[in-house]
Amino acid sequence: MAAPVASPRHGGAIVVVHWLAAISILALLAIGWYMVGVPVRTPARGYYYNLHKSLGIVAAVLIAALIALRSMHRSPPLPGSMPAWERRAAVLGHGILYLFMLLAVVTGYLTPSFSRYGPKLFGIPLPHWGWDDVALRERFADAHRVITYVLAALIVVHAAAALKHLLVDRDGVFQRMLPGRRNG
Ligand code: HEM
């Protein structure tokens, strides 16, 4: 079997923000799916909803930071062994992933904006982008649900592609997103 090829890495800040965003999004998916099944008007439901909203704001900051860092720094070149279709698929896939991360955050913020509970960050009330309107809240909650399901599917494809680079192609692309010395 061929030895893994060394490939230039992403910068340290991108690596850290990428993994923090990944952890926060996975936690949001888990808490989100769990909390909607918690009986209504119980302290536990309020606790998980507030935790989800707060973590959602943290994720929004991380996603914004990731997009800013990616636009400020050119990605290291992909290995020449990667076919052209795979390079195009990677660029398109990452673009769609960023789009759905942003849509998840925006619809997530809009959902409590149209309820009397409102968006909160660890107990601190944040600006409402709307007013108390049950029908609109339900619309945004439905949109948020569909978008987060699509986001979860995109994350599965993204992780599968990363593992293919690590285990099948062994071309160093996975290692580019790990902490370590830049070698390019
Ligand atoms: C990447 C970011 C986010 C992800 C991945 C995410 C994920 C989820 C998931 C999986 C659910 C459960 C959907 C269902 O099965 O019904 C959910 C519900 C919810 N999320 Fe998020 N969320 C994110 C951001 C946010 C933000 C920023 C807020 C608000 C500040 C928020 C507020 C809510 C609320 C209020 C619900 C409950 C909706 C309902 O009652 O049906 N989310 N989220």
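Q: If helices (H or I, at least four residues) and strands (E, at least two) are DSSP runs numbered from the N terminus, in what order do the elements of the protein chain run?
A: From the N terminus on, the order is α-α-α-β-β-α, and the protein chain holds four helices and two strands. The model is predicted, so local features need pLDDT of at least 70 and side-chain atom pairs count only at pLDDT 80 or more, whereas totals for chains, interfaces and linings use all residues. Residues are numbered from 1 along each chain as its sequence is written, and side-chain values use heavy atoms, with hydrogens and water left out.

Q: What makes His52 and His144 donors of the iron atom of the ligand?
A: A donor is an N, O or S atom within 2.8 Å of the metal (3.2 Å for Na, K and Ca), and because water is not among the atoms, sites may look incomplete. The NE2 atoms of His52 and His144 lie 2.0 to 2.1 Å from the iron atom, and they are its protein donors. Histidine 52 belongs to helix 2 and histidine 144 to helix 4, so the pair ties together parts that are 92 residues apart in sequence.

Q: Why is the site of the iron atom called octahedral?
A: Six donors count as octahedral if opposite donors are over 155 degrees apart and all others between 65 and 115. The iron atom of the ligand has six donor atoms with angles of 86 to 179° among them, and its site is octahedral.

Q: How do you know that arginine 137 makes a polar contact with the ligand?
A: A polar contact is a pair of N or O atoms within 3.5 Å, and a polar side-chain atom of arginine 137 lies 3.1 Å from an oxygen atom of the ligand, so the pair meets that limit.

Q: Which helix gives the most to the shell around the ligand?
A: Helix 4 gives the most, with seven residues, although helix 1 (12-35), helix 2 (43-72), helix 3 (84-113) and helix 4 (134-169) each supply at least two.

Q: What makes a group of residues a nonpolar core, and which helix gives the most to the largest one here?
A: Such a core is a set of buried Ala, Val, Leu, Ile, Met, Phe, Trp, Tyr and Cys residues joined through side-chain atoms within 4.5 Å, where buried means under 20% relative accessible area (1.4 Å probe, protein chains only). The largest has 24 residues, and Ile14, Val17 and Leu151 are among those with the most contacts inside it. Helix 1 gives the most to this core, with nine residues.

Key: A polar contact is a pair of N or O atoms within 3.5 Å; within protein, one must be able to donate a hydrogen and the other to accept it, and residues adjacent in sequence count only if both atoms are side-chain atoms. Four donors count as tetrahedral if all angles lie between 85 and 135 degrees; four count as square planar and six as octahedral if opposite donors are over 155 degrees apart and all others between 65 and 115; anything else is irregular. Buried means under 20% relative accessible area, exposed over 50%, partly exposed in between (1.4 Å probe, protein chains only).
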